[in-house]
Amino acid sequence: MNDRSAFSEAMAALGVNFRVEVSDAQRDLYWTVLADMPDVTFQVAVRRALKACRFFPTIAELCEQVTPTVIPAAEAAVAFEQVVKAGRYNPTIGTCWGVERVREQVGDVAAEAFVAAGASPAFESEQDTRSLPFLRKRFIEAYVLAATALRSGRPLALATGGTLIDEPEPTTRCRLTAGPDHGVVRGA
C-alpha cells in the first residue's frame, strides 16, 4: 500500500462500524502486515468486511475478503483429468500411473486422492468408459476430503502415515501386491 491516509480512513471506518477504538499500535501492525496489498484491494477488503463481518476483522479476515473462493469439487475434477493424463504409456503393458509422478505433476492432494481411489490398478482397469464415472467419483470424494484436511491444517495421510517405496518401472505390470518393485504405501 502507498496511501497511508486512505488506509487510516478505512481503519477508522472499521472502528466506527464495529464500535472499536483502533489504536496506533493496531493501525501500525495492520499497515506493516498488509503493506504488499494494493490500495484498491485493501479498500475492497474493507468494504466487504463492513458488510460481512460481525466483529472487527482480523488481518486474516481482511485477506479472506479478497481471496478467491475455491470450490474443491471443481478443483478435484480438473485434478482428475490431469491425473489421467499423467499416466505413462508402455507398448508392452499399456498405461501405468505412479504415485510420485502424480505428486510431481498434479500435487500432494491429487496424490492422496489417487491412492485413495485405488492408485494405478484402479486407473488401469477403469479404461473401460462405463466404469470411468465411478473412478472419477471416488477420486473427487477423496480429493475433497484431502483438500479440506490440508486447508484446515491437518497433514495428509501419505505425509504422516507412510513413505512411498520403489514405484514400478513402466516396463513391469502395476499390481496391488506388496513388494519391493511395486508402488505401495508403507506405514500408518
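Helix α3 has 14 residues, and its first and last C-alpha atoms lie 20 Å apart, close to the 20 Å expected at 1.5 Å a residue. The model is a predicted one, and α3 is a convenient place to start reading it. Four residues of α3 are buried: F42, A45, V46 and A49. Viewed down the axis of α3, the buried residues fall within an arc of 100°, so they line one face of the helix. That buried set packs against α1 and α4. V40 and K51, on the other side of α3, are exposed.

Helix α5, residues 72-85, can be read in the same manner. It also spans 20 Å from first C-alpha to last with 14 residues, close to the 20 Å expected at 1.5 Å a residue. Its buried residues are A76, A79, F80 and V83. Down the axis of α5 they occupy an arc of 110°, so here too the buried residues line one face of the helix.

These two helices belong to a chain with 10 helices and four strands. In sequence order the elements run α-α-α-α-α-β-β-α-α-α-α-α-β-β. The chain has 188 residues, of which 39% count as buried. About 11100 Å² of the chain is exposed, and carbon and sulfur atoms supply 56% of that area. Among contacts with a separation of 6 or more, 62% are between residues 24 or more positions apart.

Some of the links between separate parts of the chain can be followed through aromatic side chains. A pair of aromatic rings is described by the distance of the centres and the angle of the planes. The structure holds 10 aromatic pairs. In one of them, the ring centres of F7 and W31 are 5.1 Å apart and the planes meet at 65°, so the pair is edge-to-face. F7 is in helix α1 (residues 4-17) and W31 is in helix α2 (residues 24-33), so the pair ties together parts that are 24 residues apart in sequence. Both F7 and W31 are buried. The rings of F18 and F56 also form a pair, with centres 6.2 Å apart and planes at 75°, so this pair is edge-to-face as well. The F18 and F56 pair links distant parts of the chain, 38 residues apart: F18 sits in the loop between α1 and α2, and F56 in the loop between α3 (39-52) and α4 (59-65). Both of these phenylalanines, F18 and F56, are buried.

Elsewhere, F80, W97, F114, F123, F139 and Y143 form one aromatic cluster. One member, F80, is among the buried residues of α5. Another, F114, belongs to helix α7 (residues 108-116), where V109, A110, A111, E112, A113 and F114 are buried.

Is the charged side chain of R27 buried or exposed? R27 is found in helix α2, and its relative accessibility is 17%, so R27 counts as buried. Leaving aside residues up to four places away in sequence, R27 touches F7, S8, M11 and V22. Of these, F7 is the ring paired with W31.

The backbone has some points worth checking. Most residues other than glycine have a negative phi, and most peptide bonds are trans. R19 is not a glycine, yet its phi is positive, about 50°. R19 lies in the loop between α1 and α2 and is exposed, with a relative accessible area of 80%. A119, also a residue other than glycine, has a positive phi near 55°. A119 is placed in helix α8 (residues 119-125) and is buried, at 14% relative accessible area. G118, which follows α7, has a positive phi near 120°.

The cysteines complete the picture. A disulfide is a covalent bond between the sulfur atoms of two cysteines. How many disulfides does the structure hold? The number is zero. C53 is buried, with 17% relative accessible area, while C63 counts as partly exposed at 28%.

Technical notes. Residues numbered from 1 in each chain as written. Predicted model: local features only at pLDDT ≥ 70, side-chain atom pairs only at ≥ 80, totals over all residues. Heavy atoms only, no water. Expected span 1.5 Å × (residues − 1). Buried < 20%, exposed > 50% of the residue type's maximum accessible area, 1.4 Å probe, protein only. Arc of directions from axis to C-beta. Disulfide = S-S within 2.5 Å. Phe/Tyr/Trp six-rings, centres within 6.5 Å; stacked < 30°, edge-to-face > 60°. Contact = heavy atoms within 4.5 Å. Areas by Shrake-Rupley, 256 points an atom, 1.4 Å probe, with all protein chains shown as cover.
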